[in-house]
Amino acid sequence: MPTEAVTFGAGCFWGVEYVFERVPGVVHTEAGYAGGLTEHPTYEEVCSHTTGHAEVVRVTFDPEVVSLEQLLEVFWAMHDPTQVDRQGPDVGDQYRSAIFVGSDEQRASAESSRERAQERFDRPIATQIVEAGMFWPAEDYHQRYYDKNGHEPYCHVMPWGTLQELGLVRA
């Protein structure tokens with residue numbers, strides 16, 4: 001099965017991972033750091049605002065089951081992309097909204113999707129669309145955090161309506 005990967009930043013990576021791992025066709029998620037300068041950053045370093053990294057989730061998916069366009073719709077529905085360097089109660093540059101693309105095709109899809117999504121928001125979308133660059137996996141305790149700890153995300157919404165509209169889950 002050929003897969004593709006794209007990396008999303010939409011606030012705290014715990015909630016982003018929680019949402020994407022429930023999308024049919026997503027075969028793997030991994031919380032990590034991207035968009036910064038420091039090699040092998042730690043959570044503490046990222047939170048110090050000295051590395052330039054965002055908390056992100058690399059989403060590996062089967063394009064025969066779920067398209068990048070569908071994943072982008074889930075991304076827009078799970079968070080408020082008009083907020084700059086924050087998501088809900090989480091504030092800091094590591095919580096910025098970003099799509100880290102791995103190809104010209106992904107960039108074109110992300111830019112087109114952002115234009116369509118803007119029609120749903122009163123304020124300008126602040127989401128950055130940038131080259132993927134290096135992805136650094138987060139520490140083990142951050143992986144599948146909510147599943148391990150029996151909690152649900154506090155600053156992301158599970159976009160069930162969007163998933164139903166996209167035909168990814170049944171009503």
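This passage walks through the sheet, the helices packed on it, the aromatic pairs and a few single residues of a predicted model.

The sheet makes a handy starting point. Six strands come together in an open sheet with mixed pairing, and reading across gives the order β7-β6-β1-β3-β2-β8. The edges belong to β7 (128-131) and β8; each has a single partner strand, so one side of each is left without a neighbour in the sheet. Neighbouring strands are not lined up exactly: on average they are turned by 35° against each other, direction ignored.

Toward one edge, strand β6 (residues 97-101) runs parallel to β7, and the two are joined over 4 bridges. Within this pairing, Phe100 has Val130 of β7 as its bridge partner. Helix α4 packs on the sheet here, where it touches β1, β6 and β7, and its direction makes about 175° with that of β7.

What about the strand that pairs with β8? Strand β2 (residues 26-34) does so in the antiparallel sense, over 3 bridges, with Tyr33 standing opposite Trp136 in β8. Strand β2 also pairs with strand β3 (residues 54-61), again antiparallel, this time over 8 bridges. One of the matched positions there is Glu30, whose bridge partner in β3 is Arg58. Strand β2 is largely enclosed by the rest of the structure, because 7 of its 9 residues are buried. As for the side chains of a strand, in a regular strand they alternate between the two faces of the sheet.

A further helix, α1 (residues 13-20), lies across β1 (4-10), β2 and β3, and it runs at about 165° to β2. Aromatic rings add some detail to this contact. Searching the whole structure turns up 5 aromatic pairs. One of them is Phe8 with Phe20, a stacked pair with 4.8 Å from centre to centre and 15° between the planes. Since Phe8 sits in strand β1 and Phe20 in helix α1, the pair ties together parts that are 12 residues apart in sequence. Both rings belong to buried residues: the relative accessibility is 0% for Phe8, and Phe20 likewise has a relative accessible area of 0%. Another pair, Phe13 with Tyr33, is tilted, with 5.7 Å between the centres and 50° between the planes. This one links helix α1, home of Phe13, to strand β2, home of Tyr33, across 20 residues of the chain. Again the partners are tucked away, with Phe13 buried at 1% relative accessible area and Tyr33 buried at 0%. Beyond simple pairs, Phe8 and Phe20 join Phe75 and Trp76 in one aromatic cluster.

Back in helix α4 (residues 104-118), Gln106 deserves a look of its own. This residue counts as buried, at 6% relative accessibility. A polar atom of the Gln106 side chain lies 2.7 Å from the backbone nitrogen of Gly102. Leaving aside residues up to four places away in sequence, Gln106 touches Glu4, Ala5, Val6, Leu68 and Val101.

Next come the cysteines. How many disulfides does the model hold? The count comes to 0. For Cys47, the closest cysteine sulfur is that of Cys12, and at 9.2 Å the gap is too far for a bond, given that a disulfide calls for sulfur atoms within 2.5 Å. The two residues also differ in how they are covered: Cys12 counts as buried, at 6% relative accessibility, while Cys47 counts as partly exposed, at 25%.

Finally, two loop residues have backbone angles worth pointing out. His40 is not a glycine, yet its phi is positive, near 50°. His40 belongs to the loop between β2 and α2 (43-47), and at 56% relative accessibility it counts as exposed. Asp85 is also a non-glycine residue with a positive phi, of about 55°. Its place is the loop between α3 (68-78) and β4 (86-87), where Asp85 is partly exposed, with a relative accessible area of 30%.

Conventions. Residues are numbered from 1 along each chain as its sequence is written. This is a predicted model: local features need pLDDT of at least 70, side-chain atom pairs count only at pLDDT 80 or more; totals for chains, interfaces and linings use all residues. Side-chain values use heavy atoms; hydrogens and water are left out. Buried means under 20% relative accessible area, exposed over 50%, partly exposed in between (1.4 Å probe, protein chains only). Two strands pair if DSSP finds at least two bridges between them. A polar contact is a pair of N or O atoms within 3.5 Å; within protein, one must be able to donate a hydrogen and the other to accept it, and residues adjacent in sequence count only if both atoms are side-chain atoms. Contact means heavy atoms within 4.5 Å. Axes are lines fitted to C-alpha atoms, for helices over the stretch in contact, and angles run from 0 to 180 degrees between N-to-C directions. Rings of Phe, Tyr and Trp (its six-membered ring) pair if their centres lie within 6.5 Å; planes under 30 degrees apart count as stacked, over 60 as edge-to-face and the rest as tilted.
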